[in-house]
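Visitor: Could you walk me through this structure, one topic at a time?

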Amino acid sequence: MPFVTTLTLTSGNRHRLDDVVAEIKQMAEQKGVELKGPHPKQPRELRVPQSKSLGPEGGRFESWNYSVYTRTVEVVGYEDFARTVTQRTYPDSIHVEADVEQRTQVGSGS
């Protein structure tokens with residue numbers, strides 16, 4: 001039963017996110033690792049209210065709007081490669097989450 005490592009990378013900087021994902025793909029190609037993805041998700045549009053002062057009477061500035069971009073990549077098997085990718089240092093603007101799941105193969109009877 002292979003382990004599947006799903007990497008979820010998020011950032012407010014779409015171009016830097018795509019560069020990091022391209023680096024991961026290139027590393028995988030050099031090592032002969034087959035990746036599934038990247039799978040882009042619809043960007044999340046966020047609004048952050050901004051107060052003019054710390055007090056309750058300070059009023060508000062216009063909300064700060066920004067987008068968060070997400071890409072997912074799956075590594076089937078190749079636990080050493082998955083470990084290497086999850087332990088590397090990423091730019092501060094990139095957030096990485098890893099989810100490891102053991103999947104049964106189709107027709108294995110389990």
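**A guided tour, beginning at Tyr 90**

Visitor: Which residues does Tyr 90 touch, not counting residues up to four places away in sequence?
Guide: This is a predicted model, in which local features need pLDDT of at least 70 and side-chain atom pairs count only at pLDDT 80 or more, while totals for chains, interfaces and linings use all residues. Residues are numbered from 1 along each chain as its sequence is written, and side-chain values use heavy atoms, with hydrogens and water left out. Counting a contact as heavy atoms within 4.5 Å, and leaving aside residues up to four places away in sequence, Tyr 90 touches Leu 9, Val 20, Ile 24, Val 85 and Val 96.

Visitor: Which element gives the most to the largest nonpolar core?
Guide: A nonpolar core is a set of buried Ala, Val, Leu, Ile, Met, Phe, Trp, Tyr and Cys residues joined through side-chain atoms within 4.5 Å, where buried means under 20% relative accessible area, exposed over 50% and partly exposed in between, with a 1.4 Å probe and protein chains only. The largest one here has 17 residues, of which Leu 9, Ile 24, Leu 35, Phe 81 and Tyr 90 touch the most other members. At least two residues each come from β1 (3–11), α1 (14–31), β4 (60–76) and α2 (79–87), these elements being DSSP runs numbered from the N terminus, with helices (H or I) of at least four residues and strands (E) of at least two. With five residues, the element that gives the most to this core is α1.

Visitor: Why do the buried residues of α2 lie on the same side, and how wide is their arc?
Guide: The residues in question are Phe 81, Ala 82 and Val 85, and they pack against β1, α1, β2 (35–40) and β4. The face of α2 turned away from this buried side carries the exposed residues Asp 80 and Gln 87. The arc is taken from the directions from the helix axis to the C-beta atoms, and the buried residues are on the same side of α2 because they cover an arc of only 100°.

Visitor: Asp 18 and Arg 71 meet in a salt bridge, so how many residues apart in sequence are the parts that this pair ties together?
Guide: A salt bridge is a side-chain nitrogen of Lys or Arg within 4 Å of a carboxyl oxygen of Asp or Glu, and for the side chains of Asp 18 and Arg 71 the N to O distance is 3.0 Å. Asp 18 lies in helix α1 and Arg 71 in strand β4, so the parts tied together are 53 residues apart in sequence.

Visitor: Arg 14, Asp 18 and Arg 71 are linked in a network of salt bridges; is Arg 71 buried or exposed?
Guide: Asp 18 is partly exposed, with a relative accessible area of 28%. Arg 71, at 10% relative accessibility, counts as buried.

Visitor: Which residue forms a salt bridge with Glu 23 at 2.8 Å?
Guide: Glu 23 is partly exposed at 28%, and its side chain meets that of Arg 16 in a salt bridge at 3.8 Å, N to O. Another partner lies in the loop between α2 and β5 (95–102), 65 residues away from Glu 23 in helix α1. The partner whose closest N and O atoms are 2.8 Å apart from those of Glu 23 is Arg 88.

Visitor: How far apart in space are Lys 41 and Arg 71?
Guide: Lys 41 is found in the loop between β2 and β3 (44–51), and at 49% relative accessibility it counts as partly exposed. Not counting residues up to four places away in sequence, Lys 41 touches Thr 70, Arg 71 and Thr 72. Although Lys 41 and Arg 71 are 30 residues apart in sequence, their C-alpha to C-alpha distance is 6.3 Å.

Visitor: Which residue offers the backbone oxygen that the side chain of Ser 11 reaches?
Guide: Ser 11 is in strand β1 and is buried, with a relative accessible area of 3%. A polar atom of the Ser 11 side chain lies 3.0 Å from the backbone nitrogen of Asn 13. The backbone oxygen reached by the side chain of Ser 11, at 2.7 Å, belongs to Ser 93.

Technical notes
A polar contact is a pair of N or O atoms within 3.5 Å; within protein, one must be able to donate a hydrogen and the other to accept it, and residues adjacent in sequence count only if both atoms are side-chain atoms.
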